[in-house]
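The following exercises are to be worked through with the sequence and the model in view. Each task is followed by a solution in steps.

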Amino acid sequence: QGQLVESGGGSVQAGGSLRLSCAASGYTYSIHCMTWFRQAPGKEREGVAAIYTGGDNTYYADSVKARFTISQDNAKNTLYLQMNSLKPEDTAMYYCAASRTPYCSFAYFSTNVYNYWGQGTQVTVSS
């Protein structure tokens with residue numbers, strides 16, 4: 001059974017940076033997409049950044065473009081999210097998710113295509 005473990009969250013002031021990590025282990029089927037989602041209190045979970053593992057294609061929500069960068073280290077089975085120029089509205093619990101679905105690149109931010117989820121890491125940005 002696959003497992004995802006996030007780390008790297010914390011509290012920063014607006015304008016600061018954080019790097020989130022998501023360590024993957026125990027997969028018996030190929031993973032095609034890996035994505036960072038976030039969920040703020042009282043709000044729905046939303047997609048932030050995604051990567052197609054086979055070709056490094058990336059996709060970002062408009063709200064984080066030019067500030068966040070998603071990347072992967074296949075040798076370490078780890079997904080990263082570099083977050084720069086953080087804003088108070090970035091405050092949320094951040095989750096990584098992995099999909100075995102080959103067509104996941106057509107629906108990166110649809111939670112339905114993801115088979116595995118991490119437990120989340122909290123990011124808090126103060127003004």
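A disulfide is a pair of cysteine sulfur atoms within 2.5 Å. The model examined here is a predicted one.

**Exercise 1. Overall architecture**

Task: Determine how many helices and strands make up the secondary structure of the protein, and assess its compactness.

Solution.
- Step 1. The secondary structure comes to 0 helices and 11 strands. Read from the N terminus, the elements therefore run β-β-β-β-β-β-β-β-β-β-β.
- Step 2. The radius of gyration is 14 Å, and the globule rule gives 14 Å for 127 residues, so the protein is as compact as a globular protein of that length.
- Step 3. The C-alpha trace spans about 45 × 25 × 25 Å along its principal axes.
- Step 4. Of the 127 residues in the protein, 45% are buried. Among contacts with a separation of 6 or more, 59% are between residues 24 or more positions apart.

**Exercise 2. The disulfides**

Task: Identify the disulfides of the structure, and state which pattern they follow along the chain.

Solution.
- Step 1. The structure holds 2 disulfides. Cys 22 and Cys 96 form a disulfide with sulfur atoms 2.0 Å apart; since the cut-off is 2.5 Å, this pair qualifies.
- Step 2. Cys 22 belongs to strand S3 (residues 18-25) and Cys 96 to strand S9 (residues 92-99), so that the pair, 74 residues apart, links distant parts of the chain.
- Step 3. The link of Cys 22 and Cys 96 is right-handed, with 55° about the S-S bond. Both Cys 22 and Cys 96 are buried.
- Step 4. Cys 33 and Cys 104 form a disulfide as well, with sulfur atoms 1.9 Å apart. The link of Cys 33 and Cys 104 is right-handed, with 85° about the S-S bond.
- Step 5. Cys 33 lies in strand S4 (residues 33-39), whereas Cys 104 lies in the loop between S9 and strand S10 (116-117); the pair therefore ties together parts that are 71 residues apart in sequence.
- Step 6. Cys 33 has a relative accessible area of 0% and is therefore buried. Cys 104 is likewise buried, with a relative accessible area of 0%.
- Step 7. With bonded cysteines counted along the chain, the disulfides follow the pattern 1-3, 2-4.

**Exercise 3. The sheet of 4 strands**

Task: Establish the strand order of the open sheet of 4 strands, and describe the pairing of S8 with S3 and with S7.

Solution.
- Step 1. The order of this open sheet is S1-S3-S8-S7, and its pairing is antiparallel.
- Step 2. Strand S1 (3-7) and strand S7 (68-73) are the edge strands, as each pairs on one side only. Neighbouring strands of the sheet are turned by 15° against each other on average, direction ignored.
- Step 3. S3 and S8 run antiparallel and are joined by 6 bridges. Within this part of the sheet, Leu 20 stands opposite Leu 81 in S8.
- Step 4. S7 pairs with strand S8 (residues 78-83) over 6 bridges, in the antiparallel sense. Ser 71 has Tyr 80 in S8 as its bridge partner, and Phe 68 stands opposite Met 83 in S8.
- Step 5. S7 and S8 form a hairpin with 4 residues between them, and Asn 77 in the turn has a positive phi of about 50°.
- Step 6. S8 is mostly covered, with 5 of its 6 residues buried.

**Exercise 4. The surroundings of Gln 72**

Task: Decide whether Gln 72 counts as buried or exposed, and describe its surroundings.

Solution.
- Step 1. Gln 72 lies in strand S7, which is an edge strand of the sheet considered above.
- Step 2. The relative accessibility of Gln 72 is 18%. Buried means under 20% relative accessible area, so Gln 72 counts as buried.
- Step 3. The side chain of Gln 72 reaches the backbone oxygen of Thr 53 at 3.4 Å. This distance satisfies the cut-off because a polar contact requires a pair of N or O atoms within 3.5 Å.
- Step 4. Not counting residues up to four places away in sequence, Gln 72 touches Ile 51, Tyr 52, Thr 53, Asp 56, Thr 78 and Leu 79. Thr 53 thus appears both in this list and as the residue whose backbone oxygen the side chain reaches.

How values were computed:
Residues numbered from 1 in each chain as written. Predicted model: local features only at pLDDT ≥ 70, side-chain atom pairs only at ≥ 80, totals over all residues. Heavy atoms only, no water. Helix = DSSP H or I, 4+ residues; strand = E, 2+ residues; numbered from the N terminus. Buried < 20%, exposed > 50% of the residue type's maximum accessible area, 1.4 Å probe, protein only. Pairing = 2+ DSSP bridges. Axes fitted to C-alpha atoms, helices over the stretch in contact; angles between N-to-C directions. Polar contact = N/O pair within 3.5 Å; in protein donor to acceptor, adjacent residues only side chain to side chain. Contact = heavy atoms within 4.5 Å. Rg over C-alpha atoms; globule rule 2.2 N^0.38 Å.
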